[in-house]
Amino acid sequence: MDLDLRKVRYFTAVAEQLHFGRAAERLHITQPVLSRQIRALEKDLDAPLFERDSHGVTLTPAGRQLLDDARQLLAAADATRRRVRRAARGPRRLVVGFRAGVVVTPVLRAFGAAHPDVAVHARRVERDDQERLILDGTVDLAYVRRPIHERGLTLLPLFTEDRVAMLPARHRLAGKRDLALADLAGERWLRCADPLPDDVPIRTVEEKSECVAAGTGITLVPASVAEQYSRPGITCVPVRDAEPDQVFLAWAASHRSPLITEFARTARERA
């Protein structure tokens with residue numbers, strides 16, 4: 001039996017809330033309707049998805065597996081819908097995402113010159129949404145940096161670059177020509193990924209810069225980011241033994257388009 005995407009959306013809401021009432025409110029349907037749809041999905045799959053008891057709702061092993069697959073499945077469905085609507089509106093369009101520090105203008109110009117009938121747009125993506133924006137079709141492909149959740153993506157390595165320490169201008173190491181990671185032992189690092197409970201989440205380079213300039217902490221950034229976002233109050237010093245940053249071009253593995261292939265070729269030639 002084909003998988004009903006509406007039922008999958010209902011399941012995902014319950015799995016994320018672990019509460020049928022709150023999931024029903026989020027979906028704008030009644031709880032009895034939601035319960036019937038979940039039972040129907042369990043019958044379709046011939047597998048129990050939730051354990052229900054007096055303590056609440058938990059996922060079964062089958063439910064955890066479906067949740068893992070459902071997010072990618074729903075993102076792919078949304079991406080297909082966006083691409084179809086985009087094609088129906090007329091002229092061809094390509095939306096290219098890019099991370100801070102990555103200069104995409106030369107590739108966009110070269111691609112646009114070879115494909116004057118294609119409208120090419122650039123959109124900034126961040127560390128915490130780069131995969132989602134590709135998989136849900138918001139961007140057709142993007143220049144991304146590690147760490148990358150690779151599932152569902154095709155990755156083309158383009159280039160690497162050194163990383164530098166972003167320090168407050170009055171930091172004790174600010175005048176050094178270069179540093180080793182050991183020199184930075186004991187420093188307070190800004191945590192962009194997996195922040196501690198009391199940390200304020202940091203998403204963008206601009207937020208990092210403000211925190212560094214204020215003396216909140218230090219961070220490592222790619223050399224191109226340090227160059228583009230230099231400002232008073234901050235000093236950037238190369239770290240000779242830091243792992244290089246790698247830039248990839250990424251697109252949805254299910255998105256097979258001649259435009260993607262041609263843009264990837266152009267990007268690789270210009271890297």
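Begin by selecting Arg6, Lys7, Val8, Tyr10, Phe11 and Val14 in helix H1 of this predicted model, and then add Leu34, Gln37, Ile38, Ala40, Leu41 and Asp44 in helix H3, which are the residues that they meet. Sorted by class, the residues of this contact of H1 with H3 divide into 8 nonpolar, 1 polar and 3 charged.

With these side chains still shown, turn to the helices themselves, where H3 covers residues 31-45 and packs against H1 at an angle of about 110°, the two axes lying 9 Å apart. Because angles of 65 to 115 degrees count as roughly perpendicular, H1 is described as roughly perpendicular to H3. The crossing in which H1 passes H3 is left-handed.

Next, keep H1 (residues 5-17) on the screen and select helix H2, residues 20-27, whose axis comes within 8 Å of the axis of H1 and crosses that axis at roughly 130°. This angle makes H1 oblique to H2, since oblique is the term for angles that are not under 35 degrees, not over 145 and not from 65 to 115. The crossing of H1 and H2 is right-handed, whereas H1 passes H3 in a left-handed crossing.

To see which side chains take part here, select Arg9, Tyr10, Ala13, Val14, Glu16 and Gln17 in H1, together with Phe20, Arg22, Ala23, Arg26 and Leu27 in H2, which they meet. By class, this contact of H1 with H2 has 6 nonpolar, 1 polar and 4 charged residues. Tyr10 and Val14 are worth leaving highlighted, as they are listed among the H1 residues that meet H2 and also among those that meet H3.

Now move along the chain to Asp140, which is found in the loop between helix H6 (130-135) and strand E5 (141-145). Is Asp140 buried or exposed? Its relative accessibility is 5%, and because buried means under 20%, Asp140 counts as buried. Select Val95 as well, and look for its backbone nitrogen, which lies 2.7 Å from a polar atom of the side chain of Asp140.

Finally, clear the selections and zoom out to the whole chain, in which there are 9 helices and 10 strands. Viewed along its principal axes, the chain has C-alpha atoms that fill a box of roughly 65 × 55 × 25 Å. Of the 271 residues in the chain, 44% are buried, and among the contacts with a separation of 6 or more, 71% are accounted for by residues 24 or more positions apart.

Methods: Residues numbered from 1 in each chain as written. Predicted model: local features only at pLDDT ≥ 70, side-chain atom pairs only at ≥ 80, totals over all residues. Heavy atoms only, no water. Helix = DSSP H or I, 4+ residues; strand = E, 2+ residues; numbered from the N terminus. Buried < 20%, exposed > 50% of the residue type's maximum accessible area, 1.4 Å probe, protein only. Polar contact = N/O pair within 3.5 Å; in protein donor to acceptor, adjacent residues only side chain to side chain. Axes fitted to C-alpha atoms, helices over the stretch in contact; angles between N-to-C directions. Left-handed = near helix turned anticlockwise from the far one by under 90°. Contact = heavy atoms within 4.5 Å. Nonpolar A, V, L, I, M, F, W, Y, C, P; charged D, E, K, R; others polar.
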